[in-house]
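Please look over the structure below before reading on. The paragraphs after it go through a few buried residues, two helix pairs and some backbone details.

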Amino acid sequence: MKVVVVGSNGQLGQDVCAAFQAENNEVVGLNHADMEISLLGSVQQVLERVRPDVVVNTAAFHNVDRCETEAEQAFTVNALGARNVAHVTKALGICLLHISTDYVFQGLKRTPYTEEDPAMPLNVYGNSKLAGEHFVRGVNPRHFVVRVSAIYGQNPCRAKGGLNFVETMLKLSREREELRVVDDEFVTPTPTVQIARQLVVLSGTSEYGVYHASAEGSCSWYEFARAIFELTGTKVRLERARPGEFPAKAPRPKYSVLENHALKSKSLNVFSHWKDGLENYLAQRRKPAQPTLA
């Protein structure tokens, strides 16, 4: 297949490119400079020229706190951008895989959210991503809306200064004797390499619809940090943060754990437990960098 990856220079986008290339697909990576998803004409011009079989849209304005103060930009990218990609892929007969988020949920449950649970976002980011979901689902029938949770990967996350949660914790442990991490927000940390592999699997089917795509199990951010330090042998005093100790501009769901019900019901689920994913990430992190070929 010829596969276009929108947002190919992002933390997830780079792994998506690699995963499709590993299956001998022709991959065309597009960044902001190549195509402006908020402009319908730009999307139409580029996709008409490339004519892919599949488009994977990983592009998003996902700085959650900035979305609160820059709501117009959040909806321009996350909602109208998704709409533009959906309209052009529909017109050209292209399959669309669209990345969404666990933040479409309110967080009042204490059992994992399935695809059947009603979405009720708490913040601008979640609302803008949910709007994008509705556009994709309403416009292009050949769609996969894929919700992910607490992602991290080997590639830099530009929206967070190049650091994911794992790297942030390890960096802070070298700078401080004590760290305090929230213990009242529950997620499922998920490696980007597993999400990328799942997208490849979905793209080979016609089982269109909404999917949750996260690792198995769940933990609080405090428990995730503790596992990071235990697996790396890092000596630092880790304490639970007090409620409200780290106020944020945007409210977060206290519980946004996803259950991959749709994937499992179709025998398509590729995810392992979040602790296994973390162990694999840390093992890969310790490997020396391979020289790139010219």
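In this predicted model, Ser 256 is in contact with Asp 102, Tyr 103, Tyr 113, Ser 149, Phe 186 and Val 187, leaving aside its neighbours within four places in sequence. With Asp 102 there is a polar contact, side chain to side chain, at 2.7 Å. Ser 256 itself sits in the loop between strand S12 (237-240) and helix H9 (261-265). Its relative accessible area is 0%, so Ser 256 is classed as buried, the limit being under 20%.

The same loop, between S12 and H9, also holds Ala 241. Ala 241 has a relative accessible area of 13% and is therefore buried as well, since this value is under 20%. Not counting residues up to four places away in sequence, Ala 241 touches Arg 180, Val 181, Val 182 and Phe 246. Arg 174 does not appear among these contacts; from C-alpha to C-alpha, Ala 241 and Arg 174 are 19 Å apart in space, and they are 67 residues apart in sequence.

A second buried polar side chain can be followed in helix H4 (residues 71-92), where Asn 78 is found. Asn 78 counts as buried because its relative accessibility is 1%, under the 20% limit. Which side chain makes a polar contact with the side chain of Asn 78? The partner is Ser 128, at 3.0 Å. Ser 128 is also one of the residues that Asn 78 is in contact with when neighbours within four places in sequence are left aside; the others are Ala 60, Phe 61, Tyr 125, Lys 129 and Gly 132.

Helix H4 also packs against another helix. The axes of helix H2 (residues 40-50) and H4 come within 9 Å and cross at roughly 35 degrees. The crossing of H2 and H4 is right-handed. On the H2 side, the contact is made by Leu 40, Val 43, Gln 44, Leu 47 and Glu 48; on the H4 side, by Asn 84, Val 85, Val 88, Thr 89 and Leu 92. Sorted by type, the residues of this contact are six nonpolar, three polar and one charged.

The other helix pair is formed by helix H6 (residues 165-175) and helix H10 (residues 274-285), whose axes come within 12 Å and cross at roughly 65 degrees. H6 and H10 also cross in a right-handed sense. Val 166, Glu 167 and Leu 170 of H6 make this contact with Leu 278, Tyr 281, Leu 282 and Arg 285 of H10. How many of the residues in the contact of H6 with H10 are nonpolar, polar and charged? Five are nonpolar, none is polar and two are charged.

Thr 192 lies in helix H7 (residues 192-203). At a relative accessible area of 1%, Thr 192 is buried, because the value is under 20%. Not counting residues up to four places away in sequence, Thr 192 touches Gln 11, Leu 12, Asp 15, Ile 151, Tyr 152 and Gly 153. Ser 214 is not on that list; the C-alpha atoms of Thr 192 and Ser 214 are 9.6 Å apart in space, and the two residues are 22 residues apart in sequence.

Next come two residues with positive phi. Ala 150 has a phi of about 45 degrees although it is not a glycine. Ala 150 lies in the loop between strand S5 (143-148) and strand S6 (151-152). Asn 24, also not a glycine, has a positive phi near 65 degrees. Asn 24 is found in the loop between helix H1 (11-22) and strand S2 (26-30). Is each of these residues buried or exposed? Ala 150 is buried, because its relative accessible area of 18% is under 20%, whereas Asn 24 counts as exposed because its relative accessibility of 73% is over 50%.

Last, the cysteines. A disulfide is a covalent bond between the sulfur atoms of two cysteines. How many disulfides are there in this model? The count is zero, with a pair of cysteine sulfur atoms required to lie within 2.5 Å. Among the cysteines, Cys 17 is buried, because its relative accessibility of 10% is under 20%. Cys 219 is buried too, with a relative accessible area of 1%.

Key:
Residues are numbered from 1 along each chain as its sequence is written. This is a predicted model: local features need pLDDT of at least 70, side-chain atom pairs count only at pLDDT 80 or more; totals for chains, interfaces and linings use all residues. Side-chain values use heavy atoms; hydrogens and water are left out. Buried means under 20% relative accessible area, exposed over 50%, partly exposed in between (1.4 Å probe, protein chains only). Axes are lines fitted to C-alpha atoms, for helices over the stretch in contact, and angles run from 0 to 180 degrees between N-to-C directions. Helices (H or I, at least four residues) and strands (E, at least two) are DSSP runs, numbered from the N terminus. A crossing is left-handed if the near helix is turned anticlockwise from the far one by less than a right angle, and right-handed if clockwise. Contact means heavy atoms within 4.5 Å. Ala, Val, Leu, Ile, Met, Phe, Trp, Tyr, Cys and Pro count as nonpolar, Asp, Glu, Lys and Arg as charged, and the others, Gly among them, as polar. A polar contact is a pair of N or O atoms within 3.5 Å; within protein, one must be able to donate a hydrogen and the other to accept it, and residues adjacent in sequence count only if both atoms are side-chain atoms.
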